[in-house]
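Below are some comments on the model you sent, set out as numbered points. They move from the way the chains are arranged to individual chains, a metal site and a few backbone details.

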Amino acid sequence: MEQLLFALLTIVLGVVGAIAYFYGSNLLLDRIFPANVPDHARASQNLRRAALIRPWLFLTPALLSLGIYLVYPVFSSLAYSLFDRSGTHFVGLANYRWMFFDSEFRESIFNNMLWLIVVPAASTLFGLIIAALTDRIWWGNIAKSLIFMPMAISFVGASVIWKFVYDYRDAASEQIGLLNAIVVALGGEPQIWIAMPFWNNFFLMVILVWIQTGFAMVLLSAALRGIPEETIEAAVIDGANPWQIFMKIKVPQIWGTIAVVWTTITILVLKVFDIVLAMTNGQWDTQVLANLMFDWMFRGGGDFGRGAAIAIVIMVLVVPIMIWNIRNARREMEGR
Amino acid sequence: MTGLVLKDIRKSYGQVKVLHGINLTIDQGEFIVFVGPSGCGKSTLLRMIAGLEDVTSGELIIDGHVVNNVPPSKRGIAMVFQSYALYPHMTVYDNMAFGMRIAGESKEEIDRRVKSAADMLQLTPYLDRLPKALSGGQRQRVAIGRAICRDPKVFLFDEPLSNLDAALRVATRIQIAKLNESMPDTTMIYVTHDQVEAMTLADRIVVLSAGKIEQVGPPLELYERPANLFVARFIGSPAMNIMPATIASAGNPTTLKLMDGTSLRVDIETPAGDVGKAASFGVRPEDLAIATDDEFLFEGTVNIVEALGEVTLVYVDGPVEEEPITVKLQGTVDVKRGEKLRFSADRSRLHLFDETGHTYRK
Amino acid sequence: MTGLVLKDIRKSYGQVKVLHGINLTIDQGEFIVFVGPSGCGKSTLLRMIAGLEDVTSGELIIDGHVVNNVPPSKRGIAMVFQSYALYPHMTVYDNMAFGMRIAGESKEEIDRRVKSAADMLQLTPYLDRLPKALSGGQRQRVAIGRAICRDPKVFLFDEPLSNLDAALRVATRIQIAKLNESMPDTTMIYVTHDQVEAMTLADRIVVLSAGKIEQVGPPLELYERPANLFVARFIGSPAMNIMPATIASAGNPTTLKLMDGTSLRVDIETPAGDVGKAASFGVRPEDLAIATDDEFLFEGTVNIVEALGEVTLVYVDGPVEEEPITVKLQGTVDVKRGEKLRFSADRSRLHLFDETGHTYRK
Amino acid sequence: ADLKFKPGEDAKFNWASLDSFKKTHDLKGQTLSIFGPWLGPDRDLVLSVLAYFEDATGAKVEYAGSDSFEQQIVIDTQAGSAANIAVFPQPGLAADLAAKGFLTPLKPATAEWLKDNYAAGQSWVDLGSYKGKDGKTAFFGFPYKADLKSLVWYVPENFADAGYEVPETMEDLKALTEKIVADGGTPWCIGLGSGAATGWPATDWVEDMMLRTASPETYDKWVSNEIPFNDPAVIGAIDEFGWFAKNDKFVDGGVAGVASTDFRDSPKGLFTSPPKCYMHKMASFIPSFFPEGKKLGVDADFFYFPAYEGKDLGKPVLGAGTLFGITKDSPAAEAFIEFLQTPIAHEIWMAQSGFLTPYKGANPETYANEALRKQGAILTSATTFRFDGSDLMPGKIGAGAFWTGMVDYVGGKSAAEVTAEIQKSWDALK
Amino acid sequence: MHKSSARSPLTWFVHISVAFLVILWTLPTAGLFITAIRDKDQIVASGWWTALSTSTQNIIYRAPAAEAQVERDGAFVIAGNVLEGGKGGVSAFGTSIREPTAYVPGQAVDAGDGTKLTVEENGDFRIESPVRFENKRGIRIFYTAEIPPRFTLDNYRTVLTAEGIGQSFLNSLTVAIPSTIIPILVAAFAAYALAWMKFPGRSLLLAVIVGLLVVPLQMSLIPLLQMYNKIGAFFGVPAKTYLGIWLAHMGFGLPLAIYLLRNYIAGLPREIMESARVDGANDFTIFVRIVLPLSYPALASFSIFQFLWTWNDLLVATVFLGNSEETIVLTGRLRELLGSRGGNWEILTASAFVTIIVPLAVFFALQRYLVRGLLAGSVKGG
Ligand SMILES: Nc1ncnc2c1ncn2[C@@H]1O[C@H](COP(=O)(O)OP(=O)(O)OP(=O)(O)O)[C@@H](O)[C@H]1O
Ligand SMILES: Nc1ncnc2c1ncn2[C@@H]1O[C@H](COP(=O)(O)OP(=O)(O)OP(=O)(O)O)[C@@H](O)[C@H]1O
Ligand SMILES: [Mg+2]
Ligand SMILES: [Mg+2]
């Protein structure tokens, strides 16, 4: 009971605090520059001044926390990456040099490339297919909810689920892992999926695809609904079959959303390490950059120099995506 | 030869009945316009003809074949949508060629037909542009061109001009009229709620109301001899003035008694049994004129005057309290608010409707 | 007393100049309509008056105060948007009361003003509804009601009726006319591209083209004495027929030579120095009639006939090759395609424009 | 907090030591935070000990456990928000942190005490001594709670049913292994799976094999990388492990199953019907993972992982221990280290489960059962005693490359290959 | 859509493909749910998809020791039932681990030392000896049983009654609710400013925020915790507080929140905003009275994402809130449970289910907003 009250109080305090800032600061601004003064000129001058300041009232909390939580760490990481593991000796680019000759790093880069190709493509593709198909049936919303469900599961939970799918028992005993059970039922030999070099990467990717498809589906299905119905009807009259309509009319029209979904998932792929950590921890040749970074940063006493250097590489990898996004944002801004 | 026959066509969306049995025969090459108030089912009917909506019951016959279950692309129709419905990611050329590509026509044939349609619609300079780089009128022409390329037996238009501005509307309307002339064998069905479009384009107009056909006929017949109150009110702008009345004496001429007691004689025959019954008396604003001699239809006080240059609209508080009478006078006429005026009309241009709204035929 | 003065108002978006120096004085209580082709800057000008766009240069004076830097809410204006711009999550009542609540008016005062505006616009039964439960016309009335509640000195309308259908448009237009009457001290500025609206509502019409004022004047003046070719073509529908000509002899009357060699005399004075110069000769479709005697303006072959019932539009291939001449004949006239006809016009209703498009004043 | 055993009641316990500690320490109002890897039942056990410290000093103890202790301690120390005391499961990690200056050296007297009071005292002192940030070696980690690794678990009744004898030598063990196969059974359950730490159980095998095929000195050199990781001695030891683990007939699930079976699942094979295996080599903590209701000494028992009779290396014993280090100094932290030097601090846990101590002053009678007592005896009477080598290696090796290498080895690579790779990683750290 | 194809084979194809995909997507989770309610012995014995069928298991039963014997007809008898009252039946039994299925039920066999063992099909067994039993531990009886499916809520009971789980649940809520609401509020204000307010550097700012989407979270942990400690030390307050974690979640969630919300808010009709401005509303009023209510769908959909993320988070919580008994969050608590019971599928699955259940509830409650919310600009003027 006491705990409950405490929790409730804390929650209320936090939320009320945030509201109070916005409300209070704006009230203050309106007090300093009152709009309802009798003098017409003064009033409009006040209004203009308030309008100059107000955007910053709106933006300050966001900018502050972005600065503190994202910008500052980027720079401190950059600094770390130039120091050795103790964090006291400046080593220049030694960490980067080390990286290039490290076989595990090369393996991670290779695997990461696989991930970057497969996961966004597969998630988007499945998301698109499901979004397109579920739009045509009465139980589409139920289907969508079920497919979205993995999104609600934490990466750790997902790993538990998939460990269960990939579970291996020797051929003599009954398989309790779904995949092996199917293989055995089809007359095959049970396999240790997560220990099959190269292919195991794909078994790990499946997990992320499984999770992210729901995300892609939600965005794409919204986009599909945004397509003007008439263009589709026009294509029906033009004699296009459903497949042609999908490929030639619908997909080109939602290309923008597809790109956004693709980007978001790509960024996620670069950042996600939980799945690899929980399933293999990079063993059996499944290492990826994010997990490698985590490894160097926190494992065995921590080597911030190398960890940060890998982090910087991850950042650099997303620079092209970032530039693309900034371009898009700019272009869109010009339109208003 | 009949191009298209609708036999007791009905349509419901679930419980909601939208069309209640439409019967209509359209000849090949005819230009038919559907008009009617918003929501009366014009688009629905058109879309059923196109095959975009299922027919709930009834038979839809094109060229002698029942096409109820024939997919749109096999019906030999083409459709132009109100919102153009161009494929935004394709050039004008590709937009027009799309249907033929799907049908697997040869490259040369496609090129020939696109080029000829573009020529006809003056679109040749724009063939490589994307729709977003075109003006509204050009887009609508592309949509028409796309339909032409299909070389259809039946051409369907759903309010094709309603997104265009006044000047463009006139120009495109004329283009459609020309198109109709140049394709004499093609049946055209056109939905609009623009009076002028309907009157100028149609061979026959079909007036729909609440899912039923009110009247079918050539434009002038509808204007001059509306079958009922609904059509009378609907065709013509400003709308016909309608005044409630009672039939004082039947026969030809008929004497009417208006609400304020005024008596009125009209050259329309009424059956003797209708004496004492309620009727509606109608006169078009443009048929009214300021009475020059002693004979006048009614007297009223000028309420609002709108001078349009070409004509002057005068709203007059007449014999019926709530409903002002609209009078359309040619040219600029100097009338003032509050002035009391008398109005007369050519007796042959008066209209009379019975209790149920049907016209007493002249 | 002047309500609103625009002094050399200019507007650019970055490099793009949209308005090139607008000078205009509007009296208090006047009803001004801005017309002009799409993109000419009507909305921009209106939004600058409202304070929704910055003034690039020039002075905007309302009620004697320069308001360039005064925020919208302090200018004493109210605005009705084309898209209604109702607050979708608020009831009709709240929509109307919003501005007053912000201004901190008392509850009673708010209630009084909302009720009276609702009364005036016949919105009382809908006060508790959300906008989505209203028809288009009702929504537009709510938007107007909201503006009324602000009790503005200047009332701005940006194409308020363009989303409504024909019948509603007429009804709402009349309502606005009444509103104008009931608020004699309120200046109203109205943007439209509908001829009828402009002609019926305006005290004065401002014709804009490409960011410049072409002519300012009462509706009939614009119709009868357009200042230049642009206004002549723009006002009136169908547009005035314009034919290129050369001045054969100057003075009053002036003799013109048309392209096909026809000579023509018009009762308009031209300066002697203009002999031999190019000119444009104009005549409105509704001013043309089928010549009954020998005197006629020109001869032509009927190309298209559009019978509208009330009037008949005839498109005639006349002296100028490319541009058919439009003729508007009263009532239903029996002309056939291909028929050769002669047309005459009241000589006083002819128009003549010089090389640069300016009108030769009668 | 509730005290598990009422002070003064059971004479086995050295209550006097508690009383005297109580008299000399008063920490009322102070808080001592401890951060360790123990969760679940282990957490309850350590709390039961801490309760006595709280009771004696009046200090408040906050224990937090985490299964990602290794990462968490790095983050916490690095960021300066560490607890007062950290419980290191691996000396290597403690050494890393000590080198970065995040550990406070313990009093030299403590090291002296350890040397005198722990069996094989000097080796325990060495275990807790590392180079500090200043480069000087100091004593940082107080060993408390030991694990015995050289144990093989079996079900006595199964042995009886099949007529097998507990082997006394490595030769016998290998013979038994082959005999079981010949009888149609599977001798071993080996599982290397451990989530992010997959592979570590193999390192124990290798270390035990090192001690049985090479001299303790070689072992020490190996651990400190004075001989390269791919020294023939190491390769030989790994192949000894391979003799057991890389033979499809010898291990339940075949070789393929070794790396993927979770080490916690692995011992369950001993108890199935028919048994999936007859033997399981694992450290002393493993009974926590036996199926419920298995009584130690009756339903399951262990024997010493024997040495080669043919090699004169005695009876070497491999062990491990957790180390208590001060990550944020305070009087309470100092006092706690002193508390760990009282017999009662050991006896309370001994009397429950899963705890061994080399502290000679603790009464062996307090061990909860015969099995523990037997293990305690093995620990205190070993001729050669060595600590888990992988724990002593740098974290990146002992808790990284070595694990991965062993997984690769079981997966098919040769010992020479994997050791070369591990050595390469080690070189990269220097 | 083209309605007349409603009954065509294509529709069947669509139904079947969607059904197939849905099954593919739910199967892993279904396995989890079913496993979690199965008897723990059966979990490891057979796949979850066989949960409804009878399974054959080899079981070891330990008979009672000597003290259970009774003397009957001159013989000493220990009797009982190997199934211990459970359902099912015995199909084979044995006396040695080496041959656990040597005999068929009903057979009387020699169990060594002159004793005789019979096991009936219904599980009844009888050990008979002419001499008094002396053994301290009962003998083992090996039998093969046909065990009918057994379901149990014990696994959930174990997880749900684990000590401190209630506290952790509250902690998780205390973390997740403000961590969802505060960033949304902050992001919505910022998004509005970026979409509709005029100030210098607006587009650059937006671009930078979009760019920040890609910063890996792990990089930030140490610098931030260091800062927290300094601030904590400076003010003499603990470094790990709820406020700290709320702010951290806010910082990490903001770029995506601002990005999504700005897209939505920018799509609101401009005229409504202008209309309000003419009505005398300033930006704050417009935001609170107009934009906020109209953005409700977008806010709801983003709150699902943010809630899912904060609720499922473990890393940020461990770092910024710590693992102590009072502050540990639910995911942390369940990880503890997993850490100490790593091999137990039943605990693993039940606890995984417990972590999922709240986000799922939130998702199902709000999911209808998801699609609508991401449809930028779905609100039309009036
Ligand atoms: N999918 C549908 N479900 C239910 N009712 C519908 C559906 N489509 C149309 N309707 C109803 O059918 C009636 C006719 O609609 P239709 O679009 O044919 O009208 P319309 O005459 O074209 O009107 P407008 O002039 O506004 O285009 C309307 O009342 C409409 O509400
Ligand atoms: N934000 C802007 N940036 C650049 N150009 C603009 C902007 N807003 C308007 N314009 C341009 O200014 C010109 C005038 O636009 P405005 O909206 O005033 O036209 P309008 O006369 O109201 O047209 P319509 O009748 O179509 O409403 C147009 O050419 C338009 O492209
Ligand atoms: Mg329609
Ligand atoms: Mg080891």
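1. Chain B and chain D share no contact, and their closest C-alpha atoms are 49 Å apart. Chain C and chain D likewise do not touch, with nearest C-alpha atoms that lie 49 Å apart. These statements, like those that follow, concern a predicted model. Eight pairs of chains do touch, and among these pairs the most contacts are found between chains A and E.

2. Which residues contribute most to the area that chain A buries against chain D? The two chains bury about 2300 Å² between them, and carbon and sulfur atoms account for 55% of that area. The contact draws 25 residues from chain A and 28 residues from chain D. Within the chain A share, Q283(A), W284(A) and R299(A) supply 25% of the area buried against chain D, more than any other three residues.

3. For chain A, an unreviewed UniProt entry lists residues 56–75, 113–134, 146–166, 178–196, 202–224, 254–284 and 304–326 under "transmembrane region". Two of these segments can be set beside the model. Residues 202–224 of chain A are 100% helix and 0% strand, with end C-alpha atoms 29 Å apart. Residues 254–284 of chain A are 74% helix and 0% strand, and here the end C-alpha atoms are 39 Å apart. The record's segment 254–284 takes in Q283(A) and W284(A), which were named above for the area buried against chain D.

4. Chain E contains 13 helices and eight strands. Of its 382 residues, 60% are buried, and the chain exposes about 14600 Å², of which carbon and sulfur atoms supply 61%. When contacts in chain E between residues at least 6 apart in sequence are considered, 72% of them join residues at least 24 apart.

5. For chain E, UniProt (again an unreviewed entry) places "transmembrane region" at residues 12–34, 175–197, 204–225, 245–265, 286–309 and 347–366. Over residues 286–309 of chain E the model is 96% helix and 0% strand, with 30 Å between the end C-alpha atoms. Over residues 347–366 of chain E it is 100% helix and 0% strand, and the end C-alpha atoms are 29 Å apart.

6. Which atoms coordinate the magnesium ion (ligand 4)? The donors are OG1 of T203(D), an OD atom of D204(D), two OD entries from D388(D), and OG of S390(D), at 2.4 to 2.6 Å. In sequence the donor residues follow the spacing T-D-x183-D-x1-S. Two of these donors can also be described by their accessibility: T203(D) counts as buried because its relative accessibility is 0%, and D204(D) counts as buried because its value is 4%.

7. In chain C, strand β9 (residues 204–209) has five of its six residues buried, so the strand is largely enclosed by the rest of the structure. Strand β3 (residues 31–35) of chain C runs parallel to β9(C) and is joined to it by four bridges, and in this pairing F34(C) has V206(C) as its bridge partner. Strand β10 (residues 212–217) of chain C pairs with β9(C) in the antiparallel sense over five bridges, where V206(C) stands opposite V216(C). V206(C) is thus named in both pairings, with F34(C) and with V216(C). The hairpin of β9(C) and β10(C) has two residues between its strands, and in this hairpin A210(C) takes a positive phi near 45 degrees.

8. Two further residues other than glycine with positive phi deserve a look in the model. D151(C) has a phi near 50 degrees and is found in the loop between α4 (136–149) and β7 (154–158) of chain C. N225(D) has a phi near 65 degrees and is found in the loop between α10 (216–223) and α11 (232–245) of chain D.

9. Are these two loop residues, D151(C) and N225(D), buried or exposed? D151(C) counts as exposed because its relative accessibility is 55%, whereas N225(D), with a relative accessible area of 10%, is buried.

Technical notes: Residues numbered from 1 in each chain as written. Chains lettered and ligands numbered in written order. Predicted model: local features only at pLDDT ≥ 70, side-chain atom pairs only at ≥ 80, totals over all residues. Heavy atoms only, no water. UniProt positions renumbered as here; feature names shortened; annotations may be inferred. Donors = N, O, S within 2.8 Å, 3.2 Å for Na, K, Ca; no water. Buried < 20%, exposed > 50% of the residue type's maximum accessible area, 1.4 Å probe, protein only. Pairing = 2+ DSSP bridges. Contact = heavy atoms within 4.5 Å. Areas by Shrake-Rupley, 256 points an atom, 1.4 Å probe, with all protein chains shown as cover. Buried area = accessible area lost by both parts, 1.4 Å probe.
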